[in-house]
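Please open the structure in a viewer and keep the sequence panel at hand. The tour below moves from one selection to the next.

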Amino acid sequence: MLLLMILAILIIACALLSLSMQRHFKQLLPKRTYQPNIGRALKCLGYLALFLAAYLITDNKGMGAGLSLFFGLFSLAALVVAISIPYLTKK
Amino acid sequence: MQSSFRQSMTWLHTWAGLVFCWVLYFIFITGTVGYFDTEIDQWMQPELHRGKPVEAVKQVAIAEAWLTKHAPHADEWFIFPRNKRETLYLNARAFTKGKESIEQSFNAETGEPLAKARETGGGETLYRMHYVLHYIPGKIAYRLVGVMTFLMFLGLITGIIIHKKIFADFFTFRPRKFKRTWLDLHNLLSVTSLPFQLMITYSGLIFMLTTWMPMIGIASYGFDEAKIRAVFAEMQGDIHVTRSGTITKMLPMSHFVNAAAPVLDLNDVRHVKVKYPNDANAIVRVTINNQTIDRFRANMVFNAQDGSLIQQQLSDPIPPSVVSNTFLGLHEGLFAGIYLRWLYFISGLLGAGMIATGAIFWVAKRQDKIDASPNHFGYKLVNALNIGTIIGLPAAVGAYFLANRLLPIGMHARAEWEVHCMFIVWLLAIIHPGLRSSKQAWFEQTCIAAIILAAIPIVNAITTDRGLFNSLQQQDWVFVSVDLTAIIFAIICAGAAWVMHKRQGQGA
């Protein structure tokens, strides 16, 4: 359960980080205009979510296993987000 | 000479990557499957049932009775109780210098000796292939793998250098753009799993440390191998004892296990080792599996006659060894629970995917030249190795699983023939693209891989009583997982074949 929750947080973190980039922001939200301030805010939120996930998992599973789990789950989350973007924006 | 640093690095990345990429892919696939080596061992001997977990103290007594009867004065006894994961069945072994070792496995629950199961290479053979390959003398293969690991590391470092915008392009994936798509996929797989790839390759190099840098030991201890080995043994806390020649009765093994119980986790005993059993100088060491990332196996050593504690090691006392063992422990992943083990498996597949997409991109980038001279030997060779390895090797691994079920049980050299079956399929897969067009070869081999993988659970259900439905009913999750994994990969291959077929129809 904890791992699913961490995976969900990481997917949200990756989604926020991708939205913080102008290119993906325009792809995903074509009707809105990208503003650098919004980009910075999204980036901060994304990193915050990343650190939250890292904290939760190392707190529960210890440093060694926790960090290993974190990087494994992060790979999955980043892949899910990156591969979804073009299919979510397909017209 | 290349004109700029980045161009030189691109050249190095391309060629260091390409030349051995198929062997590296083989290393990644077999190593990745090896994360489930004991589970595959179990699946490959369906005659044997693990039964329920049993207290270590009861198991040790069963093995002790057998060893006392069959080898009371051996040089060494080893008792491996059935534990959480690594040791599947209670096993007793005795070693005596100049004599052949003897061993017996038991049903830990009933204490009955296990019937002889089918001869098989199991997951262990697949796992060993990722560092000693096969058909090549182990020492040479190990050194070869060392060189390839180094090239892999070089590939990763040069890859990071030539990837201009790791962060800006982090989530970039543009499908259906041929060359661009393959490069995006290659980058995506590499960057998202970069911590794992760096860790697995760097720690792989640490395994080769004394093989490629033997002067580390020689500088201090000369060329005397026995002396170097003795120093290593001493570093690991071995206690030197000699046989006294006086026969003395030892305390029962259960005494030592009980004595270790307050300190060590006896649910996961690695082994109980007795040096010179029934001799006046006998010592008993109780060791548990490494449950931490630093690979250290906590242990306690007792005097076999009076039961007094001689030594107790609960953590690694040497800081540099903690550092190197943490890397090795991360590589092996033995500390990993079931979820982390699956993540290791997925990360390994991402690594294999990174190599595969890189190799495919090499061809895609040169497609115009290939179209202009389709009979060019180099391009044909790369293409054949690409198709025959990227899709042919997983099919060959599937054939290894099928061979385990289909070869006659009493067959001579059965385990070796399982491996032969795997390599024959791989060889055929490399020859096949030479006879077909590239698109046909990709499509046909993907279909064949899907069929082979889908056949695994079917043949398992027909030839044993441990098919998927039975395993589900008995909640035998190891058998369920192997069957389901084969089904999932068969579906992925079938899906890929369908997409290829559709695109060929569209003329894309």
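The stops that follow cover chain A, its interface with chain B, the sheet of chain B and two loop residues. Please bear in mind throughout that this is a predicted model.

**Chain A**

Begin by selecting chain A alone. Its secondary structure consists of 4 helices and 0 strands, giving the pattern α-α-α-α along the sequence. With the view aligned to the principal axes, the C-alpha atoms occupy a box of roughly 45 × 25 × 15 Å. Of the 91 residues in chain A, 42% are buried. A surface representation of chain A corresponds to an accessible area of about 5300 Å², and carbon and sulfur atoms account for 69% of this area. Contacts may be displayed next: of those in chain A between residues at least 6 apart in sequence, 64% connect residues at least 24 apart.

**The interface of chain A and chain B**

Now add chain B and select the residues of each chain that touch the other. The selection should hold 25 residues of chain A and 22 residues of chain B. The size of an interface is often given as the accessible area lost when the parts come together. Here chain A and chain B bury about 1900 Å² between them, and 77% of that area lies on carbon and sulfur atoms.

How many salt bridges cross the interface of chain A and chain B? The rule finds 1. To see a salt bridge between the chains, select Arg23(A) and Asp169(B), whose closest N and O atoms are 2.8 Å apart.

**The sheet of chain B**

Hide chain A and colour the strands of chain B. An open sheet of 7 strands appears, in the order S3-S2-S1-S4-S5-S6-S7, with antiparallel pairing. At its edges are S3 (102-106) and S7 (309-313) of chain B, each of which pairs on one side only. From one strand to the next, the twist averages 10°.

Select S1 (residues 76-80) and S2 (residues 90-95) of chain B: these antiparallel strands are joined by 5 bridges. Phe80(B) has Asn91(B) of S2(B) opposite.

Continue to S5(B). On one side, S5(B) is joined to the antiparallel S4(B) by 6 bridges, and His271(B) faces Thr287(B) of S5(B) across the pairing. A further 5 bridges connect S5(B) with S6(B), again antiparallel; there Val286(B) has Met300(B) as its bridge partner.

Are the residues of S5(B) buried or exposed? In S5(B), 6 of 6 residues are buried. In a regular strand the side chains alternate between the two faces of the sheet. One side of S5(B) carries Ile283(B), Arg285(B) and Thr287(B), the other Val284(B), Val286(B) and Ile288(B), and both faces are covered.

Next, show helix H12 (residues 253-260) of chain B. H12 lies across S1, S4 (269-275), S5 (283-288) and S6 (299-303) of chain B, and runs at about 135° to S6(B).

**Two loop residues with positive phi**

Most residues other than glycine have a negative phi, and most peptide bonds are trans. Select Arg176(B), in the loop between H6 (138-162) and H7 (179-192) of chain B. Although not a glycine, Arg176(B) has a positive phi of about 60°. This residue is exposed, at a relative accessible area of 59%.

Finish at Arg295(B), in the loop between S5 and S6 of chain B. Arg295(B) is likewise not a glycine and has a positive phi, of about 70°. Its relative accessible area is 27%, which means that Arg295(B) is classed as partly exposed.

Definitions and conventions: Residues are numbered from 1 along each chain as its sequence is written. Chains are lettered from A and ligands numbered from 1 in the order in which they are written. This is a predicted model: local features need pLDDT of at least 70, side-chain atom pairs count only at pLDDT 80 or more; totals for chains, interfaces and linings use all residues. Side-chain values use heavy atoms; hydrogens and water are left out. Buried means under 20% relative accessible area, exposed over 50%, partly exposed in between (1.4 Å probe, protein chains only). Contact means heavy atoms within 4.5 Å. Accessible areas come from the Shrake-Rupley method with a 1.4 Å probe; for residues, only the protein chains shown count as cover. Two strands pair if DSSP finds at least two bridges between them. Axes are lines fitted to C-alpha atoms, for helices over the stretch in contact, and angles run from 0 to 180 degrees between N-to-C directions. Buried area is the accessible area (1.4 Å probe) that two parts lose on being put together, summed over both. A salt bridge is a side-chain nitrogen of Lys or Arg within 4 Å of a carboxyl oxygen of Asp or Glu.
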